[in-house]
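Trainee: Could you take me through this model, one question at a time? I'd like to see the reasoning behind each answer.

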Amino acid sequence: GGVAPSTAQYRATDCYPGAECEPVDPEGDDSDAVLQREFLLAAGRLTEQELREFVEDHVSGELGAIKALPRELRGQAFRSLCAEWHPDKCPAIAALATEIFQRLQAQKSAVLCVG
């Protein structure tokens, strides 16, 4: 569907290096599917080391943002981040996703109990 530029949501370039920045119709494609498709396109252009560094930076930034949230909001945000990196959700990079997911689980109490 067409979305007027003023209401279009842009995805990819602010999240995933190398991805095409195109308007996404929030009423159209499932946004998770769109993000996953864009991530896979971008990931295919990176070396394994570049992808690992990008993912680690992304997850570190997300964890920092979660720690800054009020305590009552941290649990849901943390669960969402874990769901994002569950290996079943990232079959194209299952080994890296498993590593990230396990790292997140190991940090759970530290993230949720901060401040």
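Mentor: Sure, and let's settle one term up front: buried means under 20% relative accessible area, exposed means over 50%, and partly exposed is what lies in between. Keep in mind that this is a predicted model.

Trainee: Okay, then is R103 buried, partly exposed or exposed?

Mentor: Its relative accessibility is 32%. That value falls between the 20% and 50% cut-offs, so R103 counts as partly exposed.

Trainee: Which residues does R103 pair with through salt bridges?

Mentor: One pairing is with E56, at 3.7 Å from N to O. That pair links distant parts of the chain, with E56 in helix 2 and R103 in helix 4, 47 residues apart. The other is a 2.8 Å bridge within helix 4, where the two residues sit four apart and so about one helical turn from each other. So the partners of R103 are E56 and E99.

Trainee: And which residue of helix 2 does E99 tie to helix 4?

Mentor: Look for a side chain that meets E99 in a salt bridge of 2.8 Å, N to O. E99 lies in helix 4 and its partner in helix 2, so the pair ties together parts that are 47 residues apart in sequence. At 29% and 22% relative accessible area, E99 and its partner are both partly exposed. The residue is R52.

Trainee: Which residues end up in one network, then?

Mentor: R103 and E99 meet in a salt bridge, and salt bridges that share partners do the joining. The network is made of R52, E56, E99 and R103.

Trainee: How are helix 2 and helix 4 oriented to each other?

Mentor: Helix 2 covers residues 48–68 and helix 4 residues 94–112; their axes come within 12 Å and cross at roughly 20°. The crossing is right-handed. Angles under 35 degrees count as roughly parallel, so helix 2 and helix 4 are roughly parallel.

Trainee: What is the make-up of their contact by class?

Mentor: Helix 2 brings residues including L51, V55, V59 and L63, and helix 4 brings residues including L96, I100 and L104. R52, E56, E99 and R103 are also part of the contact. The count is nine nonpolar, one polar and five charged residues.

Trainee: Past helix 4, what does C113 touch?

Mentor: C113 lies in the segment after helix 4 and is exposed, at 53% relative accessible area. Its C-alpha is 9.1 Å from that of R74, 39 residues apart along the chain. Leaving out residues up to four places away in sequence, C113 touches R71 and R74.

Conventions. Residues are numbered from 1 along each chain as its sequence is written. This is a predicted model: local features need pLDDT of at least 70, side-chain atom pairs count only at pLDDT 80 or more; totals for chains, interfaces and linings use all residues. Side-chain values use heavy atoms; hydrogens and water are left out. Axes are lines fitted to C-alpha atoms, for helices over the stretch in contact, and angles run from 0 to 180 degrees between N-to-C directions. Angles under 35 degrees count as roughly parallel, over 145 as roughly antiparallel, 65 to 115 as roughly perpendicular and the rest as oblique. A crossing is left-handed if the near helix is turned anticlockwise from the far one by less than a right angle, and right-handed if clockwise. Contact means heavy atoms within 4.5 Å. Ala, Val, Leu, Ile, Met, Phe, Trp, Tyr, Cys and Pro count as nonpolar, Asp, Glu, Lys and Arg as charged, and the others, Gly among them, as polar. Buried means under 20% relative accessible area, exposed over 50%, partly exposed in between (1.4 Å probe, protein chains only).
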